[in-house]
Each structure stands twice: as C-alpha cells, then as structure tokens.
Amino acid sequence: MDDPYHNNVNQQVTEGGDYTYTQDGGGQDGYPYQTDYPPQEEDAASDATEGADDDDQMYEGEYQGIPHPDEIKEARRAARIEARRKARQAAQQEQEEESLPEQYEAIMEDCGHGRFQWMLFFVLGLALMADGVDGFVVGFVMPSAEKDMCISNADKGLLGLLVYVAMMVGALVWGGLCDKMGRRKCLIYVLAIDLVFSFLSCFAQGYGFFLFFRFCSGFGIGGSIPIVYTYFTEFLQMDKRGEHLSWLCMFWMLGGLYASFTAWGIIPHYGWGFAIGSEFQMHSWRLFILVCLLPALAALVGVVFMPESPRFLLESARHDEAWMVLRQVHDTNWKAKGEPERVFTVTNIKTPQTQEDEFIEIQSDTGTAFQRWTVRHVTMLQQVMANIMSLSAPELRLQGLFLVIIWFCLAFSYHGLGVWFPDMIKYMQYEEYESKVRVFHRERVERFHFNFSLVNQVHREGEYIHDKFANIEIKSVKFEDSLFENCYFEDVKSTNTFFENCTIKNTVFYNTDLWQEKFKDCRMENTTFLHPKKGCHLNFQEENDIVIYMVSFLGSLAVLPGNIISALFMDKIGRIRIIGGSMLASSACTFLLLLSFSQGAVICWQCLFYAVSVAAWNGVEVISVELYPSSKRGTAFGILNGICKFAAIIASFIFAAFIGVTKIIPIFLAFAALVCGGLLALKLPETREKILS
C-alpha cells in the first residue's frame, strides 16, 4: 500500500489478543484505532476539535470504568495529605493527654487538701454507709418478715439471692454510666432509687411486692461503691490518696454498726407499730427499714450541693466548668486555712476533644427533641460498651485479670465466712436447745386445764381427754401418735409446733393459729375450727435473733483497728504489701476456726478474721482506682465490684451447705482462696507514687 498514513503505522498485539496501531514520529502519544476506520482528513479533524481545550478531551477509558491516571495520582496525593494530618493530630492529642495527668496533679497540689475534701469525705462516706446498711437489712428483717408475710425457706433464699444479683447488676451498670454521665449525677440517681424503693418496701404487705422493691433498691445502691471511690479519688493529690481512701472505707464499717445497733434496739419490740384492719400492718421490722434510710437521705442531700468531678469534666472537654470547680476547691481550702488572698493562677488547661464528643455535639443540635434525646442516649450506651471492651487492651489485660482474681478470692472467703459465722452460731444454739428437750411417753392427762406455756417438748403416744388449752404459747413442741378427745383449744399461739399421726376427736379450736400445715397425717373426727388465725405470726421473744444482732455488731466493730492501721501505713509501705500481707495473715486465721467448739470461740475468731482482712479490702479498693485511666476508672471498678458480688453469691451457697456437716471444707476453701489472692497480689504494680492517668 502506498498510502503515506499506513506507511507510518506499526501493528502491535496486546495481551488480550487485540490489535492496536501506533503512529511513528512526531513524539506524539499513541492512541488506539480501529483498523477499518477510514483516515480522517486534517481539515475535518480540525473542525471536529475546534473550540475544545486539551483538558476537556474525553478519556476513552471512562467508557470501561477505568480512572484517568491523573485522577489516580490526585487521589493518592490527597490520601497522603490526610494520613499526615491524622498522624499530626494523633501525636498532638497523645502529647496533650500525656501532659494532662501531670498538669492536673500540679493543680490539685496548688489547691491543697483541706475543708473541701473533708466536706466531700463526709458526704461520700454517708453514701458508702448507706451501702453498708443495705447489706445488713435483709438479713436482720428476715426472721421477722418471714413470719409476718409467711415466707417459706425457698422464698427466703430467693430474696437474699435477688438482692445480691441486683447489687451486682447495679455495680456494672452505674460504674459504666458514671464515666459518661458524670460521677455526681449518677450518684444522685443511685441514692434516689435506693431511697424510693426502700421506702416503698416498708409498706409492702405481700412478699411479691417486697421482693420487687428490695430488688430495685439493691440495683440502685449497688452502684454507690464504684462511684464513691472514683469520685473522691479525683479530688485527691497523689500523696493523700492511699490514706484518705482508707479512711473512707471506715464508713462501710459504720454502716454495719448502725444497722446492727438499730436492729438490736427496734426489731425485738414487736409492739412498736400499728395496724389498719387486718390487711395493713406496720410492725417493728418495717420501722427498722425506715430508720435505715437516714444515711442515704443525708448523703443525697449532701451530694446535691457538691460539684462534679473536675477530672471527669476535663475528660469530657468541658474546660470552663472544670476550671470553675477547681477554683472553688482552691478558694475553699485556702480561705479555711486563713489565706483568702491566694489567687487561683491556672488560666488554661489543654484537653483533647474526642470524636465521640464532636459527634454528640453535632447530632444533639439537629432533629426533633426526641431524636436528639435518642441520639445522646444511644451514643452514650455505645460508648459505655466500647469502654468495657477497651479494658481488654494489651496494656490493661494482665493487670485486669490479676485484679479480677484477687477481688474474687477475697470476696469469696470474706462473704463465705460471713455467712458461715452466724449460721454456725445458730446451729450450735439449735444443738444446745435440742439437747435440753423433754420427752413425755405414754402420758394420760384427763380433765386438766393447761394455762402455762409448753416449750421444747416431745409427747409420744399420749392421751388427752376433756382437756383445755387456753391463753398459752406452744413453742417447739411435737405431738406424735397421740389422742385428743373432747378437748378445747382457745387463744393459742404456736411456734415450730406440729401434730404428727395423731387422732383428734370431738375437739374445738377457737382463735388459734393451729391450722392445716400444723397437722401431718392426722385423723380428724368431728373436729371444729372457729375464727382461725390464718397466716404467720411473729414470735417476738426470739433470743437467737438478739444474739445475731450482737454478733454482727461485734464483727463490724472489730474492723476498726484494721481500718486505722491500714490507713496509717497505706502510703508508707505501699498497697501491694498491705494486700498481700493482709490476705496471707487472714488465711492463717482461718485455721483457728478448727478450734471453734463453742459460740464464744466462733465470735472471737470472727472478730479476729474481720480485723485482719479489712486491710486487704482497703488496699484492693485503692489500687483499683489508681491502675485505670480516668475515662475507664468507673467502668473498671464497677466490673470488679460486680465480680465481688458474684463471688459472694457463690460463697453463700457453698458455705451454707456445709453447716452441721463439716467445718473442714469451708475452712479449706477460704484458706486456699486467700493464699491464691495474696500471692497474686504481689505481682501487681505499686501505685502509691503513680499520677492518675
């Protein structure tokens, strides 16, 4: 072919087998052409492209979805710029976050430790005292409530279980929420929920309502411990944390003393109450619950006048509010020290604003009020869950696992033995009582008037003809294979009294509480029940209950020396030695329980164990708030406190199962748990010189 156009074209084969042609010469880029297209004349080509710039030319790869090389380069350039911007932002944020703990510690040292911290100490102490009281309430009122509301043994165990489950859930929920909603706000909610539902439980006449109200109350007060320790920690400087957090622990002991003392003084006086008809009764144990509300009420009033934690406000990028609180702390302390002229010199506190805060701020300004409310709370819950998941980060995972095991071991042994001590005393009392039982065999009593109480007796194969039982109390009496004929029972109160395999003929029961459940396999012939006292009736002369109040009171009082010693030495010898030494010493005390052959010995070893083990509690609570950063402190403490409640639930069932069977297994379990936790505590990092991160 002699065509000059074709003479300057080279044929090439692509990888796909298609043919392309490129024109030689001129230094022009090659473009693909179809072989059957006729050559275009120069004038025609000029007319077709007239008025078009080079940049507006169509890139033919667009038909196949292939981006232009220039677009690819531009996208890569933009990605590199964005990556460098994010890296600079992350480095700046990390630098600011690293400088915040040191800056905050310097500010707290400048504010000093004085009147403000002591006011907050007593307010938060009352909240902690309310938690301590709540832990004793159910155990103290149960002996009275079970008879007042006819609670069976199974239902009685269900009440104790659900209250601890509620406290466990409350610790998990409120611990996480206080990292997002604020320490002060969550503590107000916690105390308000406890007050409302505890107050309602005082007037609940049915067991179902009583159970529900106590469950809700437990859910509220269960969150107090994580919030209180987190809240108070963030107002303390480094060299004051260990000592003053240990002093704060004393209020839990005061809660036990308060509950024991008031129960001892109120519950046995069954006549301290009133009744409206037969449906509404207000007995002394209900008054006791009302009195137990006073610490929570006082704490709620005090917290309302306290400011939010400035550390939380800084973490939430609320700089101005945090500055105002810190200035309040500074001015309150130095004015009380006689230096009101000292000026708060801090002018700026740099804290990074998180993407979560920006998201909430943007979303909270758009949409309807309901949409804004939904966005805030859904986002907050997502943040709480993210906070929980972040605790499994590599830098927190190992120490978190150690703390979980230590909390579990300490709670398992402490609460397990806390159940074992009073139950063991009750069992010893029961054995002593049973050893004094009087047995009457084949006695025949005819035309006799029983006008005296029958106590702790067994009557076998007796015959009672034309006898009268009037205005008496029958306590712990059993009639077996006996005959009652032409007898008359009037105004009889009974406690733990049963008729087994008896024959009852022509007998009248008038105004007594001897009803169906009292007669087992008995034959009734022409027997009449008139005006029976249905339900359960309280025996307010129970001596065993008074002993239990005294035991709880002495156990709470025994904690005082251990609290004082741990507070004085917490910052001197360190948290790790306090925890490890206390748990190992407590494990040695458990072996002394093998020598408890009397009630007095059990009470003595109980007091010794509580006095020694309380130092470990103080140490583990202090180190738990110091190991975690401020944004996760409440969440982590809530989880650990939830683990504590879970261990208490398991221990109460295990230790109670061996009462009256053997002492060796409960003692061995407590010993093993304390040794394991004590040795593991020595692996934790020391935090007495650690600035709160």
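A residue is called buried here when its relative accessible area is under 20%, exposed when over 50%, and partly exposed in between (1.4 Å probe, protein chains only). By that rule cysteine 202, at 0% relative accessibility, is buried. The model is predicted, so local features need pLDDT of at least 70 and side-chain atom pairs count only at pLDDT 80 or more, while totals for chains, interfaces and linings use all residues. Residues are numbered from 1 along each chain as its sequence is written, and side-chain values use heavy atoms, with hydrogens and water left out.

The cysteines come next. A disulfide is a covalent bond between the sulfur atoms of two cysteines; the criterion applied is a pair of cysteine sulfur atoms within 2.5 Å. The structure holds zero disulfides. For cysteine 202, the nearest cysteine sulfur belongs to cysteine 292 and is 8.8 Å away. Cysteine 589 is also buried, with a relative accessible area of 11%.

Cysteine 292 appears again in the lining of a cavity. On a 1 Å grid over the protein atoms alone, a cavity is a set of points where a 1.4 Å probe fits but cannot get out, and lining residues have an atom within 4 Å of a point. Grid points are joined across faces, edges and corners, and a volume is the space filled by probe spheres set on the points. Two cavities of 30 Å³ or more are counted, and the second largest holds about 60 Å³. Its lining includes Ala130, Asp134, Asp194, Ser198, Arg214 and Cys292. Helix 4 (115-148) and helix 6 (183-203) each give two or more residues to this lining, helices being DSSP runs of H or I with at least four residues, numbered from the N terminus. Helix 4 contributes the most, with four residues. The lining of the second largest cavity divides into seven nonpolar, one polar and three charged residues.

Serine 224 lies in helix 8 (residues 224-233) and is buried, at 0% relative accessible area. Its side chain reaches the backbone oxygen of isoleucine 221 at 2.8 Å. Beyond residues up to four places away in sequence, serine 224 touches Ala127, Asp131, Leu187 and Val190, where contact means heavy atoms within 4.5 Å.

Asparagine 618 sits in helix 20 (residues 599-627). Asparagine 618 is buried too, with a relative accessible area of 1%. Leaving aside neighbours within four places in sequence, asparagine 618 is in contact with Ser246, Cys249, Asn563, Ser566 and Met570.

Conventions
1 Å grid on protein atoms, 1.4 Å probe; cavity = no way out; pocket = protein on both sides within 12 Å on 5 of 7 lines; lining within 4 Å. Nonpolar A, V, L, I, M, F, W, Y, C, P; charged D, E, K, R; others polar. Polar contact = N/O pair within 3.5 Å; in protein donor to acceptor, adjacent residues only side chain to side chain.
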